[in-house]
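Biologist: Could you take me on a close tour of one part of this model, the C-terminal domain with its sheet and its ligand site? I'd love a connected account rather than a list.

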Amino acid sequence: MVKVGIVGANGRMGKTLIEAVVAAEGAELAAAVVHPESSLVGADAGEIAGVGRLGVSTVDALSKAIEQIDVLVDFTSIEMTLDNIAQCREAGKSIVIGTTGFDVAQKAQLSAAALDIPVVFAPNMSVGVNLCLKLLEMTARVVGDDSDIEIIEAHHRHKVDAPSGTAVRMGEVVAETLGRDLSKCAVYGRQGQEGPRKKDTIGFETIRAGDVVGDHTVLFAADGERIEITHKASSRMTFAKGAVRAATWLSGKSAGLYDMQDVLELKDV
Ligand SMILES: NC(=O)C1=CN([C@@H]2O[C@H](COP(=O)(O)OP(=O)(O)OC[C@H]3O[C@@H](n4cnc5c(N)ncnc54)[C@H](OP(=O)(O)O)[C@@H]3O)[C@@H](O)[C@H]2O)C=CC1
Ligand SMILES: O=C(O)C1=N[C@H](C(=O)O)C[C@H](O)C1
């Protein structure tokens with residue numbers, strides 16, 4: 001049994017992750033951490049997640065529970081994740097990171113920690129999105145240079161980062177396949193007298209509304225035809241199941257930076 005710790009246990013993903021760990025074979029909830037100012041410090045993790053009493057009381061700091069776990073699952077915030085990965089590195093624990101919005105320097109911190117501990121880091125843990133990344137690679141190779149490429153994403157009103165980590169990863173996959181540098185060819189939103197579309201750009205459009213779990217479309221628009229590759233998540237459980245799968249997959253792995261393409265064995269497909 002892999003002993004899983006969950007940080008941000010009262011968050012949207014934290015609660016779903018508790019539910020997913022309880023349902024998983026080969027994993028058990030060993031610790032749950034909430035914000036130190038939360039009124040839920042000391043509460044039963046199962047009751048927070050609505051799955052009944054589990055006998056795991058939440059603690060207010062990872063340092064109080066880290067020795068009890070094999071792997072930490074972290075869907076929190078940039079600041080919290082960077083702090084948590086440093087603690088996992090120190091304690092020699094594995095970590096699955098779902099948090100999004102890191103800049104280049106912050107991603108370098110994650111890579112540095114992965115020199116010492118096994119890390120799965122992916123902006124989207126669903127099987128469907130990771131399959132779409134493969135479809136995008138193939139589509140970009142065949143029609144990418146003849147198409148205008150636009151990435152449109154929609155998420156719930158609470159999301160703090162934009163574009164979504166998934167949209168950025170989709171852009172990176174397309175750009176890498178076409179030999180372009182995303183930092184130079186990305187265009188984020190458009191307004192006013194922008195003039196005609198510039199060739200070889202990759203556009204990003206962001207929608208924040210209601211309770212949308214997560215929709216992504218990549219549009220390849222050529223003269224005479226359009227291809228749209230769309231993924232729509234209708235439940236956070238799809239991300240949580242992927243994260244728990246990653247947590248058990250990490251068992252016995254050596255230090256390194258892995259992603260969901262590794263976990264799902266999609267790298268060579
Ligand atoms: N990779 C993937 O498949 C997916 C990734 N995500 C990403 O996961 C992250 C979390 O999303 P979501 O669950 O919706 O967000 P929530 O805001 O619902 O949850 C975040 C949790 O982290 C806690 N937290 C954040 N910062 C701190 C801190 N400094 N100290 C202590 N606790 C902290 C929050 O505690 P409190 O609220 O008490 O402050 C909360 O419990 C986002 O980056 C999102 O983009 C989301 C879904 C899928
Ligand atoms: O914040 C969210 O909710 C989600 N975030 C991830 C992202 O930024 O790509 C993944 C998913 O779409 C939900």
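Modeller: Happy to; here is a walk through that domain, its sheet and the site beside the sheet, with a look at the other ligand afterwards. Please keep in mind that this is a predicted model.

Let's begin with the boundaries. An unreviewed UniProt entry lists residues 128–264 as "domain: Dihydrodipicolinate reductase C-terminal". That span is 37% helix and 27% strand, and its end C-alpha atoms lie 11 Å apart.

Now to the sheet. Five strands make up an open sheet with mixed pairing, and their order is S7-S8-S6-S9-S10. The edges are taken by S7 (186–188) and S10 (226–233); each has a single partner strand, so one side of each is left without a neighbour in the sheet. On average, neighbouring strands here are turned by 15° against each other, direction ignored. Helix H5 (residues 127–143) packs on this sheet, where H5 touches S9 (214–221) and S10, and the direction of H5 makes about 170° with that of S10.

We can follow the pairing from one edge to the other. S7 runs parallel to S8 (residues 202–208), and three bridges join the two. Within that pair, Val187 is opposite Gly203 of S8. Further along the order, S6 and S9 are antiparallel and joined by seven bridges, with Ile152 facing Thr217 of S9. S9 is also antiparallel to S10, this time over eight bridges, and Asp215 sits opposite Lys232 of S10. The hairpin of S9 and S10 has four residues between its strands, and Gly224 there takes a positive phi near 100°.

S9 deserves a pause. In a regular strand, side chains alternate between the two faces of the sheet. In S9, Gly214, His216, Val218 and Phe220 point to one face and are buried, whereas Asp215, Thr217, Leu219 and Ala221 point to the other and are not.

Which residues surround ligand 2? They are Thr100, Pro123, Asn124, His155, Lys159, Ser164, Gly165, Thr166 and Gly214. By class, this shell holds one nonpolar, seven polar and one charged residue. The unreviewed UniProt entry also carries a "binding site" annotation, which covers His156, Gly165 and Thr166. Gly165 and Thr166 belong to the shell of ligand 2 as well.

The annotated residues His156 and Thr166 have contrasting settings. His156 is in the loop between S6 (148–155) and helix H6 (165–178). It has 13 C-beta neighbours inside 10 Å, and therefore counts as partly exposed. Apart from neighbours within four places in sequence, His156 is in contact with Gly210, Asp211, Val212 and Val213. Thr166, in turn, lies in H6. With 25 C-beta neighbours inside 10 Å, Thr166 counts as buried, because the threshold is 20 or more. Setting aside residues up to four places away in sequence, Thr166 touches Pro123, Asn124, Val129, Glu153, Gly214 and His216. Two of those contacts lead back to S9: Gly214 and His216 are on its buried face. Pro123, Asn124 and Gly214 are also found around ligand 2.

One more residue of this domain links to the other part of the chain. Met237 lies in helix H8 (residues 237–249) and, with 16 C-beta neighbours inside 10 Å, counts as partly exposed. Not counting residues up to four places away in sequence, Met237 touches Thr16 and Ala20. From Gly165, Met237 is 72 residues away in sequence and 18 Å away in space, C-alpha to C-alpha.

That brings us to helix H1 (12–23) and to ligand 1. H1 and helix H3 (78–91) each supply at least two residues of the shell around ligand 1, and the largest share, three residues, comes from H1. In total, 23 residues surround ligand 1, and the closest are Gly8, Gly11, Met13, His35 and Gly98. Seven of the shell residues are nonpolar, 14 are polar and two are charged.

Just before H1 in the chain comes strand S1 (residues 2–7); five of its six residues are buried, so S1 is largely enclosed by the rest of the structure. S1 pairs with S2 (residues 27–33) in the parallel sense over six bridges, and Gly5 stands opposite Ala31 of S2.

Key. Residues are numbered from 1 along each chain as its sequence is written. Chains are lettered from A and ligands numbered from 1 in the order in which they are written. This is a predicted model: local features need pLDDT of at least 70, side-chain atom pairs count only at pLDDT 80 or more; totals for chains, interfaces and linings use all residues. A residue is near a molecule or strand if its C-beta atom, placed from the backbone, lies within 6 Å of it. Ala, Val, Leu, Ile, Met, Phe, Trp, Tyr, Cys and Pro count as nonpolar, Asp, Glu, Lys and Arg as charged, and the others, Gly among them, as polar. UniProt positions are given in the numbering used here, feature names are shortened, and annotations may be inferred rather than shown by experiment. Two strands pair if DSSP finds at least two bridges between them. Axes are lines fitted to C-alpha atoms, for helices over the stretch in contact, and angles run from 0 to 180 degrees between N-to-C directions. Two residues are in contact if their C-beta atoms, placed from the backbone, lie within 7 Å. A residue is buried if 20 or more other C-beta atoms lie within 10 Å of its own, exposed if 12 or fewer, and partly exposed in between; C-beta atoms are placed from the backbone.
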